[in-house]
Amino acid sequence: MEGSPGSLKKKAGHSSRLAFPVQPARCGAWHWLGGFCNIHGPLRSPWSCQVLQNIRVVLVNTSHPGNIGGAARAMKNMGLSRLVLVDPEDFPSSEAVARASGATDILDNAVVVETLEEALAGCSVALGTSARDRRIPWPLLDPRECATTSLQHVEMGGEVALVFGREYAGLTNEELQRCQFHVHIPSNPEFSSLNLAAAVQVLAYEVRMAWLAAQGQPTKMNKLETTAMLNTQPVTTDELELFYGHLESTLVEIGFLDPANPRHLMSRLRRLYGRAGISKLEMNILRGVLTETQKAVRGESHKRSKDDV
C-alpha cells in the first residue's frame, strides 16, 4: 500500500473511490470545512480553509456502532470530517446512523481498514488517547496541547491522526507506540472512564478552539442583551443619584431603613446597582416600582395605564 492519504480504500460494501477527497475551499462569505458551514467571515489563507480536513479521527476496533455514530456527530459539530475505522465490530449500522443525528455524511465517507498501520498511512504525526500510566515514558499531552500540536503539524503541511481505542480497553501498548504523542484527558480520578464519543468531542472541541484562535475568529457569542441592541442609553450619574435618593426615602417610608441607624445599607445598595450597569429603560422601571410602593404604603390608589413602563 502506498503511503499517501489517497491510497486508503474502503472495505467491500463501501465505495472504492479514493478516501478523503478534498472539497474546493470557497473563501468568502461562506466556507465549507468538511461539511461544516462557517459564516464568521472571510478566512485569511487557503491553508486556513483546509486545515481541519488534514486532521483525521481514527477509531480502533470499536465494538458499539452507536459510539461510531456519536463520534461522527461530535466531529461534525466541531468541523472535522475525516473518520477512519480500524476493524469495527459492527459497521455499517442503522444504530450508528441514528446516533449520528444528521452527521450521516461523516459515516458515508468513513474509511474502513484492517489495521492501525493502514489508518495512519500518510500521517506526519499520530496522537493516541490513553487513560492509564505506561511503563515506558512517552510524550504526554493534555487535550489543549494536543490541539496546538495538531495544528502546528498541519501548518507545516502534515497530516494528523487523533487515535481512540476500544471502549473496554483503550489502545494496546503496541498501538500506542505507533503514536508519537499520548493524550490524557484529566477526568475525575474516581470516575475516569469516558464514553468514546465523549472523548472524541473533547479533543474535537479543543481542535476547533485552537483553530478559531489561530484565525483570529471569535470564540464567544456576542451578548444578546447589550445596551445598543436594547436601543437604550446608559443611565447618567445624576440620574443614579436621583434614584438613590428615591430608593432611600422609600426604604425609610416602608420601615426597612432606620435613618437614625442606617448602618451601611445605602452604601451596599449603591455598590449593587453600580455593578448592574443600569440603562435608562431599566431605571424607569425601578423608579416606577418605588413610586407604586410609596403609593401603596400611603393608601393611594393608582392603576397603571398601558403607557406605563
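Two rings of Phe, Tyr or Trp (its six-membered ring) count as a pair if their centres lie within 6.5 Å, and the pair is called stacked when the planes are under 30 degrees apart, edge-to-face when they are over 60 degrees apart, and tilted for the rest. By that rule the structure holds two aromatic pairs, and this tour will come to them after a look at the whole chain.

Before you select anything, note that this is a predicted model, in which local features need pLDDT of at least 70 and side-chain atom pairs count only at pLDDT 80 or more, while totals for chains, interfaces and linings use all residues. Residues are numbered from 1 along each chain as its sequence is written, and side-chain values use heavy atoms, with hydrogens and water left out.

**The whole chain**

Begin with the full chain in a cartoon view, where there are 11 helices and nine strands; these are DSSP runs (H or I of at least four residues for helices, E of at least two for strands), numbered from the N terminus. Of the 309 residues, 40% count as buried, where buried means under 20% relative accessible area, exposed means over 50%, and partly exposed lies in between, using a 1.4 Å probe and protein chains only. If you look at contacts (heavy atoms within 4.5 Å), then among those between residues at least 6 apart in sequence, 77% join residues at least 24 apart.

**The sheet and its helices**

Next, select the strands of the open sheet, in which seven strands follow the order E5-E4-E3-E8-E6-E9-E7 with parallel pairing; two strands pair if DSSP finds at least two bridges between them. Strand E5 (111-113) and strand E7 (140-141) stand at the edges with a single partner strand each, so one side of each is left without a neighbour in the sheet. At one of these edges, E7 pairs in the parallel sense with strand E9 (residues 181-183) over two bridges, and Leu 141 has Val 183 as its bridge partner in E9.

Now add helix H2 (residues 65-77), which packs on the sheet and touches strand E3 (55-60) and strand E4 (82-86), its direction making about 160 degrees with that of E4. Such axes are lines fitted to C-alpha atoms, for helices over the stretch in contact, and the angles run from 0 to 180 degrees between N-to-C directions. Then select helix H8 (residues 196-214), which lies across E3, strand E6 (125-129), strand E8 (160-164) and E9, and runs at about 155 degrees to E8.

**Charged pairs**

Side chains of opposite charge can pair when their charged atoms come close. The structure has eight salt bridges, each one a side-chain nitrogen of Lys or Arg within 4 Å of a carboxyl oxygen of Asp or Glu.

Show the side chains of Glu 206 and Arg 144, whose closest N and O atoms are 3.0 Å apart in a salt bridge. Glu 206 lies in helix H8 and Arg 144 in helix H6 (residues 143-155), so this pair ties together parts that are 62 residues apart in sequence. Glu 206 counts as buried at 10% relative accessibility, whereas Arg 144, at 55%, counts as exposed.

Move on to Glu 175 and Arg 166, a salt bridge with its closest N and O atoms 2.7 Å apart; here Glu 175 is buried at 12% relative accessibility, and Arg 166 is buried at 14%. To see a network of salt bridges, select Arg 56, Arg 82 and Glu 159 together.

**The aromatic cluster**

Which residues do the ring pairs link into a cluster? Select Phe 243, Tyr 244 and Tyr 273 to see them. The rings of Phe 243 and Tyr 244 have their centres 5.6 Å apart and their planes at 50 degrees, so this pair is tilted. The rings of Phe 243 and Tyr 273 have centres 5.0 Å apart and planes at 80 degrees, so that pair is edge-to-face. Phe 243 lies in helix H9 and Tyr 273 in helix H10 (residues 265-276), so the two tie together parts that are 30 residues apart in sequence.

**Backbone details to finish**

Most residues other than glycine have a negative phi, and most peptide bonds are trans. Select Phe 91 and Pro 92, which are joined by a cis peptide bond with omega of about 0 degrees; Pro 92 lies in the loop between E4 and helix H3 (94-100). Finally, go to Asn 61, which has a positive phi of about 50 degrees although it is not a glycine, and which is placed in the loop between E3 and H2.
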